[in-house]
Amino acid sequence: MPANLPPEYIEAEERYRNASGKDEKLEALKEMLALLPNHKGTDKIEADIRKRISNLKKSSKKKKGPTRAKTPDQIEPQGAGQVVITGFPNSGKSALVDVTTNASPKVADFPFATQGPTIGMMEYEDIQIQLIDTPPISDEYVETWVYNLIRKANLILVTIDGSTGDPIAEFTRTKDHLLEEGIHLFHPEANFQRDAIGRTNRKGEIILTKSDELEEEKMPEKLEKDSGLPTMAVSILDEESLTRFSRAVFRGLQKIRIYTKKPGEEPDLEEPYLLDKDSTVLEGVRSIHRDMVENLDYIRIWGSGRFDGQEVAQDHQLEDGDIIEIHQN
Ligand SMILES: Nc1nc2c(ncn2[C@@H]2O[C@H](COP(=O)(O)OP(=O)(O)OP(=O)(O)O)[C@@H](O)[C@H]2O)c(=O)[nH]1
Ligand SMILES: [Mg+2]
């Protein structure tokens with residue numbers, strides 16, 4: 001044998017050949033590598049073993065795949081919150097994501113144009129919100145993963161076509177489809193969070209689309225009254241309505257932005273900390289830096305205080321835009 005392989009190596013190679021599982025194979029290959037004499041004649045063999053090890057590792061990673069695989073309903077949340085847009089075919093979901101985010105989903109004047117999810121990031125003042133365009137809900141067919149996505153989202157936007165037919169009836173049909181799947185939408189300010197068995201409660205808002213072609217001026221109010229959900233009319237042709245849209249989405253997420261400042265310095269307004277609405281000062285400090293709570297002395301606040309720089313109690317409720325100055329012992 002030109003490579004002069006020791007008998008132990010030959011035995012390991014034998015084990016590799018007879019191995020039944022991947023782990024056993026991997027084990028044997030590693031032994032072979034360790035037992036392989038180190039000289040020019042074994043370079044090729046070494047490269048071959050390393051390749052086999054790497055292939056095996058790759059394939060065992062793949063094997064674990066299915067549980068972690070990126071299916072359409074597994075979209076990592078980004079930004080201030082994950083918002084899913086749902087609604088009947090042709091109701092303007094994709095157009096909305098197209099004009100308000102960095103994504104460019106297919107917009108078409110025929111129904112069922114969208115087949116997969118499209119993730120876009122929408123800017124709202126100094127933050128980004130994740131908007132996900134989805135295939136339509138309909139009486140005919142709905143992709144099951146669409147409902148899974150809805151179950152996981154922080155906020156659901158239901159688009160109702162304002163240009164045709166009967167928006168109230170369209171909302172009722174959409175709502176019924178969601179309810180059949182155990183998904184119940186509630187007013188974001190209603191604080192109705194707890195899911196019961198077989199039922200998922202999600203914050204919801206209604207977007208009455210194509211408001212440039214809206215037949216009935218009072219429709220948003222009517223729809224809001226009928227649904228109990230915040231309702232706003234939007235047109236992709238009306239820039240001002242899109243600004244209102246992004247504000248409504250942020251409000252729907254029920255988050256607040258908090259900034260920090262160090263004593264004697266200017267506030268850091270670069271990137272806000274995002275907290276749940278109604279968070280207290282203490283919760284704010286904890287989410288900024290867990291360890292700071294231990295040595296916390298007092299906090300001054302700019303914004304929701306009675307005056308700028310007021311020293312506030314730990315249970316003081318923070319508001320969007322507050323700047324806090326943390327003093328430690
Ligand atoms: N006039 C007007 N037309 C709009 C507006 N928004 C969307 N449209 C039109 O409505 C049609 C459907 O829009 P899409 O955004 O593709 O609708 P969709 O809900 O994504 O449809 P599916 O993917 O089939 O579920 C397109 O022809 C759009 O150009 C709007 O604000 N005003
Ligand atoms: Mg679409």
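**Exercise 1.** Work out how confident the predictor is in this predicted model, and where that confidence drops.

*Solution.* Start with the average: this is a predicted model, and its mean pLDDT is 90. Next, look at the spread: 95% of the residues score at least 70. Then hunt for the weak spot. Over residues 63-69 the pLDDT falls below 50. That stretch also has zero contacts in the model beyond near neighbours in sequence.

**Exercise 2.** Describe the overall build of the protein, beginning with its radius of gyration.

*Solution.* Take the reference first: a compact globule of 329 residues would come out near 20 Å. The protein itself has 28 Å. Now check the extents: along the principal axes, the C-alpha trace spans about 90 × 65 × 40 Å. Turn to burial, and you'll find that 31% of the 329 residues count as buried. Then count the elements: nine helices and twelve strands. Last, ask how far apart in sequence the contact partners sit. Among contacts with a separation of 6 or more, 59% are between residues 24 or more positions apart.

**Exercise 3.** Lay out the open sheet that contains β10, then find the helix that packs on it.

*Solution.* Write down the strand order: β9-β8-β12-β10-β11, five strands with mixed pairing. Now pick out the edges. β9 (267-276) and β11 (310-312) each pair on one side only, so to speak the two rims of the sheet are these edge strands. From one strand to the next, the twist averages 40 degrees.

Zoom in on one pair. Strand β10 (residues 296-302) and β11 run antiparallel, joined by three bridges. Within this pair, Ile 301 stands opposite Gln 310 in β11.

Finally, add the helix. α9 (residues 281-288) packs on the sheet and touches β8 (255-261), β9, β10, β11 and β12 (323-328). The direction of α9 makes about 110 degrees with that of β9.

**Exercise 4.** Decide whether Phe 112 is buried, partly exposed or exposed, and name what it touches.

*Solution.* First, locate the residue: Phe 112 is in the loop between α4 (93-100) and β2 (118-124). Next, count neighbours: there are 13 C-beta neighbours inside 10 Å. Compare that with the cut-offs: buried needs 20 or more, exposed means 12 or fewer. Phe 112 is therefore partly exposed, because its count is 13.

Now for its partners. Leaving out residues up to four places away in sequence, Phe 112 touches Pro 89 and Pro 136. As for Asp 73, it's 39 residues from Phe 112 in sequence, and the two are 18 Å apart in space, C-alpha to C-alpha.

How values were computed: Residues are numbered from 1 along each chain as its sequence is written. Chains are lettered from A and ligands numbered from 1 in the order in which they are written. This is a predicted model: local features need pLDDT of at least 70, side-chain atom pairs count only at pLDDT 80 or more; totals for chains, interfaces and linings use all residues. Helices (H or I, at least four residues) and strands (E, at least two) are DSSP runs, numbered from the N terminus. The radius of gyration is taken over C-alpha atoms; the globule rule is 2.2 Å times the number of residues to the power 0.38. Two residues are in contact if their C-beta atoms, placed from the backbone, lie within 7 Å. pLDDT is the predictor's confidence in each residue, from 0 to 100. Axes are lines fitted to C-alpha atoms, for helices over the stretch in contact, and angles run from 0 to 180 degrees between N-to-C directions.
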